[in-house]
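Let's take a look at the enclosed spaces inside this protein and at what surrounds them. Here is the structure to follow along with.

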Amino acid sequence: MISCLKLTNYKAFENQLLEFKPLTLLSGLNSTGKSSVLQALLLLRQSYQQELLPNVGLALNGELVRIGTAQDAFCERAKEDYLGFEITWSDQKTGIWCFSYDPIKTDADILNNLDSHSYSDAGIYGFKSVFNKKFHYLQAERLGPRTSYDMSDYQARRLGQLGSRGEYTAHFLAINQDKDVLQSKLRHPMAKSNSLSSQVEGWMREVSPGTRIKINSNSDIGLMSLQYFYGDSNPYRTTNVGFGISYTLPIIVAILASDPGTLILIENPEAHLHPKGQVKMGELLSLAASCGIQVVIETHSDHVLNGIRVAVHQGQIKPNDVQLHYFLKHDKQGQDITEVVSPRIDSNGRIDKWPDGFFDEWEKSLDILLEPAGE
């Protein structure tokens, strides 16, 4: 499990150390650097998948993330021509990766290793979740309702992946639907059985009451389709049940199918969800983290945060297993500098400090509404 990540001369960060816990929440205004943190981990993974790590360099563009050019990845305030990432895991193993930046080749999309600054403990490649199969990444732009979904034995069966947009979720669920959810804390109490399909339906009912799922496959053309039922209703196509279900299904499947030691990165888990569903999502993410699954989320939802706070209050996850990071910008000598504030949560679910902009819009709006209306 990752315990900290250090970013050097990378995008908005000249020198930034971030602590990670089993559940890490990244929040802040738009374009303050939240996504860049997730992208740092994705850059390392895709560079390893492209066989550029550990010996060649960093792939800025690939299936997981597309940064652009070296200039796009390099911090404008950097005082040295290199960018670096450093990960420390809970077992104290460390990986340090440094890549040279050539001011003459700013349009390059592969950065070469800077061997004099790089170091990795033996055995991290293939054994740590950043690099192995115990990994899921679900981006903000997941697949919405579709009449059909792709099949991929390589991705869904061999690698156990759902796709960064959730495009292989239906195929993955078809393959694994009869397997039991082994983590008892993740089992929904109202599900009919411990099977993955029943447990997924149990949690989906928190988003859309009464939901049942049927998976249909057409292997001749390599496509899957999903149908949804409500009680004893006729089947509904995914295109007739809205975005919330389609956006939520990959998250629930990824969590319930993961073993301890898995790393899950999720952008905007609240997308298209009703506030009640967002709170339940926060609870499910907390339960996953309490089972040894490391979850890192980027979110704008106070409801997801409150779901996590409630989970802490109810003893479903320890407060020391939750890390909050709030990203903000301030002007320093004409430059926008990103600052990271890290509030702490106590055993009652209370947060020790609320920096300006940290999920406080409700209170600000309420203050305005309590003022006498203008004539």
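This predicted model holds two cavities of 30 Å³ or more. Their volumes and linings are set out here.

| Cavity | Volume | Lining by class | Largest contributor |
|---|---|---|---|
| Largest | about 100 Å³ | seven nonpolar, four polar, one charged | helix 6, three residues |
| Second largest | about 50 Å³ | five nonpolar, two polar, two charged | helix 7, four residues |

Which residues line the largest cavity? Leu143, Gly144, Tyr149, Arg165, Gly166, Thr169, Ala170, Leu226, Tyr228, Ser246, Leu249 and Pro250 do. At least two of the lining residues come from each of helix 4, strand 12 (223-230) and helix 6 (243-256).

Gly166 is a good member of this lining to visit. You will find Gly166 in the loop that joins helix 3 (153-158) to helix 4 (169-176). Is Gly166 buried or exposed? Gly166 counts as buried because its relative accessible area, 7%, falls under the 20% cut-off. Leaving aside residues up to four places away in sequence, Gly166 touches Leu138 and Pro250, and Pro250 also appears in the lining of the largest cavity. Ser246, another lining residue, lies 80 residues from Gly166 along the chain, with 8.8 Å between their C-alpha atoms.

Now for the second largest cavity. Its lining consists of Trp203, Glu206, Val207, Thr248, Ile252, Gly277, Lys280, Met281 and Leu284. Helix 6 and helix 7 (275-290) each provide at least two of these residues. Helix 6 therefore takes part in lining both cavities, with at least two residues in each.

Key
Residues are numbered from 1 along each chain as its sequence is written. This is a predicted model: local features need pLDDT of at least 70, side-chain atom pairs count only at pLDDT 80 or more; totals for chains, interfaces and linings use all residues. Side-chain values use heavy atoms; hydrogens and water are left out. Buried means under 20% relative accessible area, exposed over 50%, partly exposed in between (1.4 Å probe, protein chains only). Contact means heavy atoms within 4.5 Å. On a 1 Å grid over the protein atoms alone, a cavity is a set of points where a 1.4 Å probe fits but cannot get out, and a pocket is an open set with protein on both sides within 12 Å along at least five of seven lines; lining residues have an atom within 4 Å of a point. Grid points are joined across faces, edges and corners, and a volume is the space filled by probe spheres set on the points. Ala, Val, Leu, Ile, Met, Phe, Trp, Tyr, Cys and Pro count as nonpolar, Asp, Glu, Lys and Arg as charged, and the others, Gly among them, as polar.
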